[in-house]
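Here are my notes on the model, set out as numbered points for you to read alongside the sequence and the coordinates.

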Amino acid sequence: MKDFSKQDWWKEAVIYQIYPKSFQDSNGDGIGDLPGIISRLDYLEKLGVDALWLSPVLASPQVDNGYDVSDYRAIDPMFGTMEDMRALIREAKGRGIGILLDLVLNHTSDRHSWFLQACQSRDNPYHDYYIWRDGAPGELPNDMRACFGGPAWTYVPALGQYYFHQFAPQQPDLNWDNPAVRQELYAMIRAWIDEGVAGFRLDVIDQVAKDPDRKITANGPRLMDYLRELNRATWGGRNLVTVGEAWGADIPRAKLYSAPDGSVFSMVFQFEQMCLDHEPDKWVPKAMTLPQLKASIARWQQGLHGCGWNSLFWDNHDLPRIVSRWGDDGARRADSAKALAVALHGLQGTPYIYQGEELGMTNAPYPLEDLRDLESINAYHDMVAKGMPEADALAAIHRMMRDNARTPMQWTAGPEAGFTTGAPWMKVNPNHTEINAAAALADPDSVFYTYQKLIALRKAHPVFAEGDFTLLCPEDGQVFAYLRRGAGQELLAAVNLSGEAAAFRRPAGFAGAPLLATQGAPQDGVLRPWEAQLWLRSL
Ligand code: GLC
Ligand code: CA
């Protein structure tokens, strides 16, 4: 059982992300909830994960599915009660599983009492909790755009001022330059630590120290001071796991964020690999080659070794499904899902599994009326307004839209995939009749058991957590192969990330039985389509 008091326990851990709205409904309202999560803890224990990151469950009008918080100290009634949350923390802990809360500290909901008061008058004490500029209707402070479309400034006529928002107008940015804001947030975080959470995921945390007049959002001037202060005032020295979401992180910054002295976070989510296959505009595809992807992974593996810590992920609630993106979601679905899993889980860092990834769940190219996410719906309407034919606009958003990841978890082949007894808030993927947890658990050769094995191997062999990284055959367009060396062991990962057989010769010293092989007994000199192997030897 996981020992959460062990120093840096998260270095050997695997974390599972739950999107609560779509995980398991317990009361038939069509929305996943905390009791639903509790009812699935046995499944998660069987998979072997050490901690669960819950996307936001705090009180929220749900404009951005909980990433718009109206009360940081209350559970949204849609998800349950504070008692349910305590029960989840307790029940999970009993299975050696920690709970990570998702903290959205960059902005609140426009229904948060701070913002409601801030809008009352310029001299209200909460006014300075947000970022305001004087202006007249139609004369915006500058031309900055918001992430989900439209300007980054919204006018409040009663005040004669604009407030700043990097995301939707219903998500006003907090003013971190106001010390009172920071102290309120720290006190709230301490209260959650007292509830017994194992850590936190920090939403868009590199965007909190901004300077809108100079159009700076990520990596603002006082960012590191604020983050070190945040650490000291909250989780510093407590051995919790913390992961910051940092779209603007490069390797030097990631080293600061994940410094081994524990002064900021345990690790960050960086997005270099996840941005290789599209233009800065996420809706515009760009060709990506395997050598490019491998070079990027290698740079991060080597760049943080011994002086920082990587987080490892293919999927999350903002990304399309990896098997549809870089695998094969047709005939070779299971093989490609396993190959991608092995490629990632052999690396140094803390792996994250997004709900359903362990089943090889796929994208969901639904018609517009079945989509739910404001980002893709806004983007669609923008494209159509600019003259793009409707069918093309829909095709453009299908590839990268966040709703791909947000369809209900597929538990069974039965009605609504066993997710709810009511009408689900978002349509269940019709392929649940084939892809579902019940079928996966009954099939010893399923994607689920590859994930289970990978998690167990990370705990059994120290080279997974400690080893360094050497990329093999960097120019090969099919094979991703690498060596990890450390703790008296050497690990070889050999993965064919293509649908054709690929030539591959193992380096000397790796013979006998492999540690893991996804397609039966290995052949010499070749990897079958989407075949993956791990080999281990003592040094
Ligand atoms: C993060 C979240 C995303 C959310 C955004 C604004 O990127 O992962 O889901 O919409 O922040 O809070
Ligand atoms: Ca429910």
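1. Over residues 17–406 the chain is 32% helix and 13% strand, and the C-alpha atoms at the two ends of this stretch lie 12 Å apart. The stretch is the one that an unreviewed UniProt entry annotates as "domain: Glycosyl hydrolase family 13 catalytic". Please keep in mind throughout that this is a predicted model.

2. The calcium ion (ligand 2) is coordinated at 2.3 to 2.4 Å by side-chain oxygens of Asp25 (OD), Asn27 (OD1), Asp29 (OD) and Asp33 (OD), together with the O atom of Ile31. Along the chain, the donors of this calcium ion (ligand 2) follow the spacing D-x1-N-x1-D-x1-I-x1-D. Among these donor residues, Asp25 has a relative accessible area of 6% and is therefore classed as buried, the cut-off being under 20%. Asp33, with a relative accessible area of 3%, is buried as well.

3. A search of the whole structure finds 37 salt bridges. As general background, side chains of opposite charge can pair when their charged atoms come close. Three of the salt bridges are taken up in the points that follow.

4. Asp42 and Arg95 form a salt bridge in which the closest N and O atoms are 2.8 Å apart. This pair links distant parts of the chain, since Asp42 belongs to helix H2 (residues 41–47), whereas Arg95 sits in the loop between helix H3 (82–94) and strand E5 (98–103), 53 residues apart. Asp42 is partly exposed, at a relative accessible area of 48%, and Arg95 also counts as partly exposed, at 22% relative accessibility.

5. Between Arg402 and Asp64 there is a salt bridge whose closest N and O atoms are 3.1 Å apart. Arg402 lies in the loop between helix H12 (390–400) and helix H13 (403–406), and Asp64 in the loop between strand E3 (58–59) and strand E4 (71–75), so the pair ties together parts that are 338 residues apart in sequence. Arg402 and Asp64 are both buried.

6. Lys338 forms a salt bridge with Asp445, the closest N and O atoms being separated by 3.5 Å. Here too distant parts of the chain are linked, with Lys338 in helix H10 (residues 333–345) and Asp445 in the loop between helix H14 (437–442) and helix H15 (447–460), 107 residues apart. Lys338 is buried, with a relative accessible area of 3%. Turning to shared partners, salt bridges join Asp64, Lys282, Asp318, Asp373, Glu375, Arg402 and Arg406 into one network.

7. Is Asn429 buried or exposed? Asn429, which is found in the loop between H13 and H14, has a relative accessible area of 6% and is therefore buried, since the cut-off is under 20%. Leaving aside neighbours within four places in sequence, Asn429 is in contact with Thr362, Asn363, Ala364, Tyr366 and Gln410.

8. How many disulfides does the structure hold? The count is 0. As for individual cysteines, Cys307 counts as partly exposed, at 25% relative accessibility, and Cys473 is likewise partly exposed, with a relative accessible area of 28%.

Notes. Residues numbered from 1 in each chain as written. Chains lettered and ligands numbered in written order. Predicted model: local features only at pLDDT ≥ 70, side-chain atom pairs only at ≥ 80, totals over all residues. Heavy atoms only, no water. Salt bridge = Lys/Arg side-chain N within 4 Å of Asp/Glu carboxyl O. Helix = DSSP H or I, 4+ residues; strand = E, 2+ residues; numbered from the N terminus. Buried < 20%, exposed > 50% of the residue type's maximum accessible area, 1.4 Å probe, protein only. Contact = heavy atoms within 4.5 Å. Disulfide = S-S within 2.5 Å. UniProt positions renumbered as here; feature names shortened; annotations may be inferred. Donors = N, O, S within 2.8 Å, 3.2 Å for Na, K, Ca; no water.
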